[in-house]
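Colleague: I would like to go through the terms used for this model and what each of them rests on.

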Amino acid sequence: MFNDLKDKRVLVTGSTAGIGLAVARTFARCGAKVAINGSRKDQQIDALVEELNSLGGETIFIQANLTQTPECEKLIGEFVAHYGGLDILINNAGGLGGRNNLEDITDDFYDRVMDLNARSVLMVTKYAIPHLRQSAVESGETTCVISTGSIAGREGGGVGAGIYAASKAWLHDIHRNWVKEFTKDHIRFNIVSPGTINTAFHDGKSDELKEKIAGSIAMGRFGRIEEVAPSYAFFASHACSGYITGQILDVNGGQLAP
Ligand code: NAD
């Protein structure tokens, strides 16, 4: 179905685990040229790259801590040096960064959460734009940025997760701005907004709390990473979504229907 993704050059940030890894697997199966990324090179990375390479296409790993602007620039530089250009950027790196009620929030906490979820996307996208623009000219098709938003960006997040939720709302909104600036360059911007997906993101929660959350979801359960990943392929495929930009696709089992 996503035949036009074959040989596309795809960078997936924050993709050594969870949703990002499932997204990388989806693109690898489509025969794309993929780079996965994480802030550390853990022991399992070589095996992960081997697994992705066995699915099809080609995959490399690029280490970069995206809370730091120079590392965002380095990530794009290394990707383009390897693949000769960039067709699809997926901004997925992100996380809760801890919980703090408003009266306990410090500058350090604010910086940590915003650097991880907002600055990282801003700076990776900034350095990616010239390459996405060039690829669109060369291919005669749209290129794209897809970012991972969140249900929290729509409904405010749980208590203690206000900065995280606001950082995702920030992301949802800056995409709308980028549509205005870069549609003339044939770059599309869309968001995949997961609900509650079973990843390490929820590791700190008790079984009791997880059951309570599952009960708040129309489908009665957390989502699986494999159920989120195909939406990225849809947005990445010019054939499927060449006329779709500035949208937020909620993948949440009916947890919220905005
Ligand atoms: P995860 O913890 O399983 O994966 C996070 C990934 O990001 C890992 O590969 C990790 O190495 C990477 N990462 C973390 N900090 C990084 C940094 N500084 N630089 C580069 N990479 C970094 O979590 P996940 O649930 O798969 O989260 C992926 C995205 O989905 C995040 O943006 C998260 O906010 C979003 N999200 C998750 C859920 C959910 O319920 N799991 C819901 C909504 C949105």
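The exchange below takes the strands, the pocket and the ligand in turn.

Modeller: This is a predicted model, so local features need pLDDT of at least 70 and side-chain atom pairs pLDDT 80 or more, while totals for chains, interfaces and linings use all residues. Residues are numbered from 1 along each chain, and side-chain values use heavy atoms, without hydrogens and water.

Colleague: What makes β2 and β3 a pair?

Modeller: Two strands pair if DSSP finds at least two bridges between them. Strand β2 (residues 33–38) and strand β3 (residues 58–63) have six, in the parallel sense, so they pair. K33 has E58 in β3 as its bridge partner.

Colleague: Why is the unit of β2, helix α2 and β3 called right-handed?

Modeller: With the strands pointing away from the viewer, the path from the first strand over the helix to the second runs clockwise in a right-handed crossover. The β-α-β unit with α2 (residues 45–55) is classed as right-handed, therefore its path is clockwise in that view.

Colleague: What makes a residue count as lining the largest pocket?

Modeller: Lining residues have an atom within 4 Å of a pocket point. The largest pocket has 48 of them, with G94, G95, L96, T199 and F201 nearest its centre. Helix α1 gives the largest share, three residues.

Colleague: How do you know that I19 and N65 make polar contacts with the ligand?

Modeller: A polar contact is a pair of N or O atoms within 3.5 Å. A polar backbone atom of I19 is 2.8 Å from a ligand oxygen, and a side-chain N or O atom of N65 is 2.9 Å from a ligand nitrogen, so both qualify.

How values were computed
Helix = DSSP H or I, 4+ residues; strand = E, 2+ residues; numbered from the N terminus. 1 Å grid on protein atoms, 1.4 Å probe; cavity = no way out; pocket = protein on both sides within 12 Å on 5 of 7 lines; lining within 4 Å. Polar contact = N/O pair within 3.5 Å; in protein donor to acceptor, adjacent residues only side chain to side chain.
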